[in-house]
Amino acid sequence: MPVQVKNITKSYGSQKALDGVSFSFDDGELVGFLGPNGAGKSTLMRIITGYLAPDEGQVILNGERVTPDHYRLRSQIGYLPEHNPLYTDLYVKEFLEFTAGFYQLRNKKKRVAEAVEMTGLGLEQHKKIGALSKGYRQRVGLAQALIHDPAVLILDEPTTGLDPNQLDEIRQLIRQVSREKTVLFSSHIMQEVEAICNRVIIINQGKLITDGPVADVKSGGLIARQQVLVELTTAVDVAAWKKLPGVGEVDLVDERKVLLTASDETDLRPAIFQFAVANKWVVLTLQEQQVGLEHVFRELTQAK
Ligand SMILES: Nc1ncnc2c1ncn2[C@@H]1O[C@H](COP(=O)(O)OP(=O)(O)OP(=O)(O)O)[C@@H](O)[C@H]1O
């Protein structure tokens, strides 16, 4: 189901949390919504789901405007909030039945069984939510977001705080769900978005910074800057490398390894090699690095 976010602005008192944010996403898209802490991700997600009204702008879902009291339209959206507020004293199945009742679903039992099946909660459904691990609680959160079979799923930082195994399971679950639904999921961890999504939207300080396929954002003009890993047989002299023309950033990886980022689009490798020879440093490795989304993210969101 297509979703259009049009020129959304929202302030809390004198603080502007969102400033004219616009983008849209279409049927079957799995979009990563990336931004540092406080960028405005949760605020925008609450507005998309209709929990919060914007000061300006509108969200259009399948041609209709989302408002807090448009319940029929809002029931097309499933939402997993950031601090997944589960009732820890309820049993998993009991909680899902309660959620299904909230949506006044006619085929309640069937939907609960399907949500349990879809999120792999079969063995846990008779346990109390309070007794579950964080990964399984997130599954319960996903199950409640899916219970009414919404067309659009909004997941606010669903992978935060999970251990590597749980992380992998939840990622797989999100990918699986996205085959049938439009999914927008937020994170402040770039690797998460890189691992799951094809498209990324980056916001910072309430403003949209970039929007596009992950591969394009990684190789876009702004960040088409080479990174070269240099390994020497002796300790790295950071101050010396900073003086090499064409070098922007110098990051010490360990005592003998340094990561150099070009300040423009030139190929640094010939100059690095000659510089090392001139300084009588023996080069063991000189390797061009794949620029990760993390580097792009830092570049785009750091204070200018
Ligand atoms: N209820 C509120 N009252 C006042 N300020 C708020 C409120 N909710 C959010 N803010 C402020 O609005 C800005 C955006 O917050 P928001 O929670 O939307 O960001 P976020 O990108 O989701 O951050 P995080 O990754 O830390 O969850 C922040 O500066 C935050 O302090």
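This passage describes the overall make-up, the nonpolar cores, the helix packing and some backbone features of a predicted model.

In this predicted model, the secondary structure of the protein chain comes to 11 helices and 14 strands. Along its principal axes, the C-alpha trace spans about 80 × 45 × 35 Å. Of the 304 residues in the chain, 34% are buried. When contacts between residues at least 6 apart in sequence are considered, 66% of them join residues that are at least 24 apart.

The largest nonpolar core contains 61 residues, and the members that touch the most others are L34, I48, L96, A143, I154, V200 and I201. Helix α5 supplies the largest share of this core, with 6 residues. A second core, separate from it, has 7 residues, among them L260, L268, I272 and F275. In soluble globular proteins, nonpolar side chains tend to be buried together.

Two of the highly connected members of the largest core, I154 and V200, can be described through their contacts with residues beyond four places in sequence. For V200, these contacts are with G32, L34, V193, V214 and V217; of these partners, L34 is itself listed among the members that touch the most others. The residue I154 lies in strand β7, which covers residues 152-156, and it counts as buried because 24 C-beta neighbours fall inside 10 Å. Beyond four places in sequence, I154 is in contact with M45, I48, T49, I77, Y79 and L184. For the pair formed by I154 and I77, which are 77 residues apart along the chain, the C-alpha atoms are separated by 7.2 Å.

Helix α1, formed by residues 41-49, is mostly covered, with 7 of its 9 residues buried. These buried residues are K41, T43, L44, M45, I47, I48 and T49, and among them M45, I48 and T49 are also contacts of I154. Just after α1, G50 adopts a positive phi of about 85°.

Helix α5 takes part in two of the helix pairs considered here, the partners being α3 and α6. Helix α3 (residues 92-102) and helix α5 (residues 134-146) have axes 9 Å apart and pack at an angle of about 25°, so that α3 is roughly parallel to α5. Their crossing is right-handed, and the contact is made by V92, F95, L96 and T99 on the α3 side and by V140, A143 and Q144 on the α5 side. By residue class, this contact divides into 5 nonpolar, 2 polar and no charged residues. Two of the contact residues, L96 and A143, also appear among the members of the largest core that touch the most others.

The second pair joins α5 to helix α6 (residues 164-177), where the axes come within 9 Å and cross at roughly 15°; the two helices are therefore roughly parallel to each other. This crossing is likewise right-handed. The residues K134, G135, Q138, L142 and L146 of α5 meet Q166, E169, I170, L173 and V177 of α6, and the contact comprises 5 nonpolar, 3 polar and 2 charged residues.

Helix α3 also packs against helix α4 (residues 108-118), at an angle of about 125° and with the axes 9 Å apart, which makes α3 oblique to α4. The crossing of α3 past α4 is right-handed. In this contact, K93, L96, E97, A100 and G101 of α3 meet K108, R111, V112, A115 and V116 of α4, and the residues divide into 5 nonpolar, 1 polar and 4 charged. The residue L96 thus belongs to the contact of α3 with α4 and also to the contact of α3 with α5.

Most residues other than glycine have a negative phi. Against this background, two residues may be noted. The residue N7, which is not a glycine, has a positive phi of about 50°; N7 lies in strand β1, formed by residues 3-12, and counts as partly exposed because 13 C-beta neighbours lie inside 10 Å. For E157, likewise a residue other than glycine, phi is positive and near 45°. The residue E157 is placed in the loop between β7 and α6, and with 21 C-beta neighbours inside 10 Å it counts as buried.

How values were computed. Residues numbered from 1 in each chain as written. Predicted model: local features only at pLDDT ≥ 70, side-chain atom pairs only at ≥ 80, totals over all residues. Axes fitted to C-alpha atoms, helices over the stretch in contact; angles between N-to-C directions. Helix = DSSP H or I, 4+ residues; strand = E, 2+ residues; numbered from the N terminus. Parallel < 35°, antiparallel > 145°, perpendicular 65-115°, else oblique. Left-handed = near helix turned anticlockwise from the far one by under 90°. Contact = placed C-beta atoms within 7 Å. Nonpolar A, V, L, I, M, F, W, Y, C, P; charged D, E, K, R; others polar. Core = buried A, V, L, I, M, F, W, Y, C linked by C-beta atoms within 7 Å. Buried ≥ 20, exposed ≤ 12 C-beta atoms within 10 Å, placed from the backbone.
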